[in-house]
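Colleague: I would like to understand how the descriptions of a model are justified, step by step. Could we go through them together, setting each value beside its criterion?

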Amino acid sequence: MSDITITNLRKSFGPVDVLKGIDLQIKSGEFVVFVGPSGCGKSTLLRSIAGLEAVTSGSIAIDGQVVNDMPPSQRRIAMVFQTYALYPHMTVAENMAYALRIAKMPKAARDSAVAAAAETLHLGPYLQRKPKDLSGGQRQRVAIGRAIVRNPKVFLFDEPLSNLDAALRLKMRIEISRLGASLPDTTMIYVTHDQVEAMTMADRIVVLKDGEVQQVGTPMELYNAPQSLFVAQFIGSPK
Ligand code: ADP
Ligand code: MG
């Protein structure tokens, strides 16, 4: 289980209120997309869930337990960013096993975790290569693989595809959707400013604007019944 309840969450940087009272319920295993224009607070919200940002007030609970004061390493959350640094001197397999090695997981268990992730991500043929000998999409898959091996309860993606070209973005979009479907107990939260990504990947979309939730719903609900002109225009529905 890995449901998330966010209650009246506020975050300010100095005098600037970035998150202005976010209320949100995310069900275990759901694929939720946070979408909204640049600067609306998507990354701040994601980083708060990961524990990388201390919130100003309000609460975040995972499986009913408030995690506001829990360090990131204990939240069973993995995060994949737009920019990802693989260790250039290590092979793909070593990159993926690195966090497990640091956590002192025995080699046999590490190897089987890496093999399972490599199968999910179609990285089997590349395990002994170095990052410089991979394509952009393969590197991004290794970055996702490093997160998967840790068996997270919650998977957070912050615009993971925005540095890739259009064709590769489409391919990876499908792969990440498949990944979500293949991990039915893992809650996925995916941040993007791209409406098409949101509409095609999400079980539910959360539309954010200026640090507030504008509307939450399935892609069809938002398309058919946008509750504001902003949502209609952003989603592209004919209101
Ligand atoms: P998004 O990911 O939706 O583009 P962000 O969450 O990155 O938006 O940023 C929301 C707002 O918070 C922006 O105005 C940004 O400048 C501000 N902000 C984000 N991080 C910081 C920080 N560490 N210090 C000051 N302001 C920040
Ligand atoms: Mg961002």
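Colleague: Among contacts in the protein chain between residues at least 6 apart in sequence, what percentage join residues at least 24 apart?

Modeller: Please keep in mind that this is a predicted model. Two residues are in contact if their C-beta atoms lie within 7 Å, and among such contacts between residues at least 6 apart in sequence, 65% join residues at least 24 apart.

Colleague: What makes the protein chain as compact as a globular protein of that length?

Modeller: The protein chain has 8 helices and 10 strands. The radius of gyration is 18 Å, and the globule rule, which is 2.2 Å times the number of residues to the power 0.38, gives 18 Å for 239 residues, so the chain is as compact as a globular protein of that length. Along the principal axes, the C-alpha atoms fill a box of roughly 50 × 40 × 30 Å.

Colleague: How many of the residues, as a percentage, are buried, and what does the word require?

Modeller: A residue is called buried if 20 or more other C-beta atoms lie within 10 Å of its own, and 38% of the 239 residues in the protein chain are buried.

Colleague: How do you know that strand 1 and strand 2 pair?

Modeller: Two strands pair if at least two bridges are found between them, and strand 1 (residues 4–13) is joined to strand 2 over 8 bridges, in the antiparallel sense. One example is isoleucine 6, whose bridge partner in strand 2 is leucine 24. The two strands form a hairpin with 2 residues between them, and glycine 14 in the turn has a positive phi of about 60 degrees.

Colleague: What joins strand 1 to strand 4?

Modeller: Strand 1 and strand 4 (residues 57–62) run antiparallel and are joined by 5 bridges, with arginine 10 having serine 57 as its bridge partner in strand 4.

Colleague: Why do strand 2 and strand 5 stand at the edges?

Modeller: The open sheet has 4 strands in the order 2-1-4-5, with antiparallel pairing. Strand 2 and strand 5 (65–66) each have a single partner strand, so one side of each is left without a neighbour in the sheet.

Colleague: Which helix gives the most to the shell around ligand 1?

Modeller: Helix 1 does, with 3 residues; the elements that give two or more residues to this shell are strand 2 (16–26) and helix 1 (42–50). By class, the shell has 4 nonpolar, 6 polar and 1 charged residues, and the residues around ligand 1 include Phe13, Gly36 and Lys42.

Technical notes:
Residues are numbered from 1 along each chain as its sequence is written. Chains are lettered from A and ligands numbered from 1 in the order in which they are written. This is a predicted model: local features need pLDDT of at least 70, side-chain atom pairs count only at pLDDT 80 or more; totals for chains, interfaces and linings use all residues. A residue is near a molecule or strand if its C-beta atom, placed from the backbone, lies within 6 Å of it. Ala, Val, Leu, Ile, Met, Phe, Trp, Tyr, Cys and Pro count as nonpolar, Asp, Glu, Lys and Arg as charged, and the others, Gly among them, as polar. A residue is buried if 20 or more other C-beta atoms lie within 10 Å of its own, exposed if 12 or fewer, and partly exposed in between; C-beta atoms are placed from the backbone.
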